[in-house]
Amino acid sequence: MKIKIPVFILKSDNPSKFVCSLYLLFVSFLVQDAIDYLWELTPHSGDDDGMQQRTRQENLAYSVTKAKLNAGKQAKLMKKQADLRRKIEIEKNGLVINRAIYYVVGGDTLDVTRQLQFWTTKSSLDLPALPKQNLLGFYDVAASLPSNDDKHTKQRGFFDFFSAEKEGGCINRPPILAVQYDFAGLSYEIMISNNEPLSLPSDKAKLMSSNMISKSL
């Protein structure tokens, strides 16, 4: 079964950020659910007994592993379009994502360079002020951290996009998105928290002297 990601093309030079954000979330939701559906159709060892018979720790490990695999599959679907957009941006000295890291202190680290380049259009990138773990090619990097209430919930459902915090994970250590990019011949770095919006290029970004992500990661 093949999954194709629709690419939205606007005739206007200044498309509404709100409309673009809704499109980004809608496509992410559709592709994530499609991959989840395929996952459920695929037999896995030990699944016959069901999740109910596993310990809480085993359920958490299973959910995190599934989320990682799904994010990897989504990133593969984005590769062709991301590579094309990167090539276009390099040729016109536009917005090139050199490295993007989604991480949480004490938890997982996810390279989302390809994912951000995929959403780059006309030398700009706009991500909404919503939790980034539900975007296409992302997952909840804080899910493996001990929970304050020792609960864990699945990363699933359209309305999860609008949740500031979810059960499970460590609320005191929200994920961070760190991006290093080139624009107009210069290199920049910017870091935002999980629920902050991101617009690139940004006047809040730090001018870099090299193409290295900061040592804080």
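A charge sits over a ring if NZ of Lys or CZ of Arg is within 6 Å of the ring centre and within 35 degrees of the ring normal. Here R85 does just that, lying over the face of F118 at 5.8 Å from the ring centre. This is a predicted model, where local features need pLDDT of at least 70 and side-chain atom pairs count only at pLDDT 80 or more, while totals for chains, interfaces and linings use all residues. Residues are numbered from 1 along each chain as its sequence is written, and side-chain values use heavy atoms, leaving out hydrogens and water.

**Overall layout**

- The chain has three helices and seven strands, counting DSSP runs numbered from the N terminus (helices are H or I, at least four residues; strands are E, at least two).
- Starting at the N terminus, the order is α-α-β-β-α-β-β-β-β-β.
- Of the 217 residues, 41% are buried, meaning under 20% relative accessible area (exposed is over 50%, partly exposed in between; 1.4 Å probe, protein chains only).
- Take the contacts (heavy atoms within 4.5 Å) between residues at least 6 apart in sequence: 67% of them join residues at least 24 apart.

**The nonpolar core**

- A nonpolar core is a set of buried Ala, Val, Leu, Ile, Met, Phe, Trp, Tyr and Cys residues joined through side-chain atoms within 4.5 Å.
- The largest one here has 32 residues, and those with the most contacts inside it are L116, L177, V179, Y181, L198 and L200.
- Elements giving two or more residues to this core include α2 (56-91), β1 (96-103) and β4 (176-183).
- Helix α2 chips in the largest share, four residues.
- Setting aside neighbours within four places in sequence, L177 touches I101, Y102, V112, L116, L127, F138, I190, M191, I192 and L198.

**Aromatic pairs**

- Rings of Phe, Tyr and Trp (its six-membered ring) pair if their centres lie within 6.5 Å; planes under 30 degrees apart count as stacked, over 60 as edge-to-face and the rest as tilted.
- That rule gives three aromatic pairs.
- In one of them, the rings of Y102 and F138 have centres 5.2 Å apart and planes at 70°, so the pair is edge-to-face.
- This pair links distant parts of the chain, with Y102 in strand β1 and F138 in the loop between β3 and β4, 36 residues apart.
- Both Y102 and F138 are buried.
- F118 and W119 also pair edge-to-face, at 4.9 Å centre to centre with 90° between the planes.
- F118 is buried, with a relative accessible area of 3%, and W119 is buried at 12%.
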